[in-house]
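Colleague: I have a small structure to go through with you, and I would like each answer to show its reasoning before it settles on a value or a name. Could you put it on the screen?

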Amino acid sequence: MAFKLFKKYCAVCGKEVPKEGAIVRFGAHLCSDEHAEVYRKKMAGEKAKSGGGCCG
Ligand SMILES: [Zn+2]
């Protein structure tokens with residue numbers, strides 16, 4: 001883990017994100033506005049999914 005401290009990777013595609021110009025959403029780094037939007041939708045979807053349903 002320690003070697004990752006100073007490098008950030010896009011939460012969507014895994015590409016290394018430059019320190020300057022990085023986009024951060026929900027504490028995750030994204031390489032582009034496009035992937036920031038993808039990640040935002042992903043987070044919104046997971047939040048909704050965890051909301052309910054106990055018995056199949
Ligand atoms: Zn990306």
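Colleague: In which loop does F26 lie?

Modeller: Please keep in mind throughout that this is a predicted model. Strand 3 covers 23-25, and strand 4 covers residues 28-30. F26 lies in the loop between strand 3 and strand 4.

Colleague: What is the phi of F26, and is F26 buried or exposed?

Modeller: F26 is not a glycine, and yet its phi is positive, at about 55°. For burial we count the other C-beta atoms within 10 Å, and F26 has 12 of them. A residue with 12 or fewer counts as exposed, so F26 is exposed.

Colleague: How far apart in space are R40 and F26, C-alpha to C-alpha?

Modeller: R40 lies in helix 1, while F26 belongs to the loop between strand 3 and strand 4. R40 has 14 C-beta neighbours inside 10 Å and therefore counts as partly exposed. The two residues are 14 residues apart in sequence, and their C-alpha atoms are separated in space by 7.9 Å.

Colleague: What pattern does the protein chain follow when it is read along the sequence?

Modeller: The protein chain has one helix and four strands. Read in sequence order, these elements give the pattern β-β-β-β-α.

Colleague: Is H35, in helix 1, buried or exposed?

Modeller: H35 sits in helix 1, which covers residues 33-49. The cut-off for a buried residue is 20 or more other C-beta atoms within 10 Å. H35 has 21 such atoms, so H35 is buried.

Colleague: Which residues is H35 in contact with, leaving aside its neighbours within four places in sequence?

Modeller: One useful pair to begin with is H35 and V12, which are 23 residues apart along the chain but have C-alpha atoms separated by 6.2 Å. V12 also appears among the contacts of H35 once the neighbours within four places in sequence are set aside. The full list is C10, V12, C13 and L30.

Colleague: Which residues make up the largest nonpolar core?

Modeller: In soluble globular proteins, nonpolar side chains tend to be buried together. Here, V17 is a member of the largest nonpolar core, and its contacts beyond four places in sequence include C10, L30 and C31. The core has six residues, namely C10, A11, V17, L30, C31 and A36.

Colleague: What is the C-alpha to C-alpha distance between Y9 and H29?

Modeller: Y9 is found in strand 1, residues 8-9, and with 15 C-beta neighbours inside 10 Å it counts as partly exposed. Not counting residues up to four places away in sequence, Y9 touches G14, K15, E16, V17 and H29. Y9 and H29 are 20 residues apart in sequence, and the distance between their C-alpha atoms is 6.3 Å.

Colleague: What pLDDT does the protein chain average?

Modeller: A pLDDT of at least 70 is reached by 73% of the residues. Strand 4 has a mean of 94, and helix 1 has a mean of 88. Across the protein chain, the average pLDDT is 82.

Terms used. Residues numbered from 1 in each chain as written. Predicted model: local features only at pLDDT ≥ 70, side-chain atom pairs only at ≥ 80, totals over all residues. Helix = DSSP H or I, 4+ residues; strand = E, 2+ residues; numbered from the N terminus. Contact = placed C-beta atoms within 7 Å. Core = buried A, V, L, I, M, F, W, Y, C linked by C-beta atoms within 7 Å. pLDDT = per-residue confidence, 0-100.
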